[in-house]
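Visitor: I'm new to this one and would like a close look at a single part of it. Could you pick a strand, walk me round it, and then show me how the rest fits in?

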2 protein chains.
Amino acid sequence: MKLIDPKTGIEVLSPEECLRLLRTQEVGRLAVAVGGFPAIFPVNYVVDDDGVLFRTGAGTKLEAVTRGGSVVFEVDHLDTAARSGWSVILNGRAHEITKYDNAAVRQRAGRLALYPWSQHDKPHLVRISDATVTGRRVRGRSVAES
Amino acid sequence: MKLIDPKTGIEVLSPEECLRLLRTQEVGRLAVAVGGFPAIFPVNYVVDDDGVLFRTGAGTKLEAVTRGGSVVFEVDHLDTAARSGWSVILNGRAHEITKYDNAAVRQRAGRLALYPWSQHDKPHLVRISDATVTGRRVRGRSVAES
């Protein structure tokens with residue numbers, strides 16, 4: 001069943017559909033609040049079960065993560081010609097996967113096809129989990145209707 | 001002159017190139033910190049001089065903006081097949097354009113081709129200005145190199 005707001009034309013996506021859509025992309029944007037200031041980073045990711053994994057080097061991303069703060073992760077896919085698209089947002093917490101993690105988690109993470117685009121060394125593996133997932137789809141309309 | 005980090009293969013883009021690239025897209029992501037928590041919103045935008053304009057309804061986006069807090073705005077363009085792409089990030093402040101603004105600003109904003117994709121009423125016009133603009137371009141590499 002589709003949930004469409006008749007006023008806005010925006011479809012509210014189910015968590016299952018959100019996870020399905022997440023698996024179709026490979027780059028998302030991680031937003032964190034650092035000292036009250038927002039920061040945003042594009043990252044390569046893969047979906048692992050109901051979580052999202054990405055690699056990072058040392059720096060703001062990792063610091064924000066290891067502080068245990070809230071993170072927001074956004075993925076979208078847009079068709080600018082048709083003026084339609086969807087976005088999925090995860091609100092959750094992130095943690096670095098370390099040697100102290102469950103062996104199964106580490107093994108599964110190691111098998112994931114996670115290849116950062118940049119050649120920068122990114123030894124830290126981070127997982128966003130226990131996230132609330134929400135998503136919306138916007139159907140196109142012509143500019144004339146605006 | 002291109003500034004390429006030989007270690008990472010990442011090209012650092014000039015502010016002029018960032019603004020040029022911003023003009024090639026029409027959807028970006030706005031990140032704000034609300035009560036210490038990050039939030040992220042996809043928005044339709046246009047570039048106005050060295051600022052970015054978008055429309056919004058009442059809600060978190062507008063509240064974050066009218067509080068005068070810092071915002072981050074990210075735009076990217078990715079070629080997943082070639083594993084290359086660029087991202088541009090504006091760090092700045094946003095304010096709503098109101099009747100108290102300079103008439104020229106309001107007139108220029110009114111002429112911009114800013115058509116939100118959703119049919120939701122979005123009467124508030126917001127401008128991000130005085131922003132620090134940074135950008136990066138990543139060139140592709142094959143998965144085998146990862």
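Guide: Here is a walk round one strand and its neighbours, followed by a look at the other chain.

Keep in mind that this is a predicted model. For the model as a whole, the scores are ipTM 0.81 and pTM 0.85.

Let's start with strand E3 of chain B, which covers residues 27-34. Is this strand enclosed or open? Seven of its eight residues are buried, so E3(B) is largely enclosed by the rest of the structure. To count as buried here, a residue has to be under 20% relative accessible area.

Now for the company E3(B) keeps. One partner is strand E4 of chain B, residues 37-44, and the two pair in the antiparallel sense over eight bridges. They make a hairpin, with two residues between the strands. Have a look at B:Gly35 in that turn: its phi is positive, at about 60°. Another partner is strand E7 of chain B, residues 70-79, which also runs antiparallel to E3(B) and is joined to it by four bridges.

If you want one residue to hang all this on, try B:Val32. In E4(B) its bridge partner is B:Ala39, and in E7(B) its bridge partner is B:Val71. Following those two pairings takes you from E3(B) into each of the two strands.

While you're in chain B, drop by strand E8, residues 84-97, where you'll find B:Gly85. This glycine is buried, with a relative accessible area of 13%. Take B:Asp121 as a second marker: it sits 36 residues from B:Gly85 along the chain, and the C-alpha atoms of the two are separated by 33 Å.

Over to chain A, where there is a hairpin to look at as well. Strand E3 of chain A (residues 27-34) runs antiparallel to E4(A), with eight bridges joining them. One of the pairings is between A:Ala33 and its bridge partner in E4(A), A:Pro38. Two residues lie between the strands of this hairpin, and A:Gly35 in the turn has a positive phi of about 60°. As for cover, E4(A), residues 37-44, has six of its eight residues buried, which leaves the strand mostly covered.

Stepping back, chain A has three helices and nine strands. Reading from the N terminus, they come in the order β-β-α-β-β-β-β-α-β-β-α-β. Of the chain's 146 residues, 49% count as buried. Its accessible surface is about 7,200 Å², with 51% of that belonging to carbon and sulfur atoms. And if you take contacts between residues at least 6 apart in sequence, 67% of them join residues at least 24 apart.

One helix here deserves a stop too: H1(A). Its buried residues are A:Glu17, A:Cys18, A:Leu21 and A:Leu22. Seen down the helix axis, they fall within an arc of 140°, so they line one face of H1(A). Several strands of chain A help cover them, including E2, E5, E6, E7, E8 and E9.

Finally, how confident is the predictor about chain A? The average pLDDT is 82, and 87% of the residues score at least 70. Helix H1 (residues 15-22) has the highest confidence, at 94, while helix H3 (residues 103-111) has the lowest, at a mean of 73. Treat residues 142-146 of chain A separately: pLDDT stays under 50 there, and the model gives that stretch four contacts beyond four places in sequence.

Terms used
Residues are numbered from 1 along each chain as its sequence is written. Chains are lettered from A and ligands numbered from 1 in the order in which they are written. This is a predicted model: local features need pLDDT of at least 70, side-chain atom pairs count only at pLDDT 80 or more; totals for chains, interfaces and linings use all residues. Side-chain values use heavy atoms; hydrogens and water are left out. Buried means under 20% relative accessible area, exposed over 50%, partly exposed in between (1.4 Å probe, protein chains only). Two strands pair if DSSP finds at least two bridges between them. pLDDT is the predictor's confidence in each residue, from 0 to 100. Contact means heavy atoms within 4.5 Å. The arc is that of the directions from the helix axis to the C-beta atoms. Accessible areas come from the Shrake-Rupley method with a 1.4 Å probe; for residues, only the protein chains shown count as cover.
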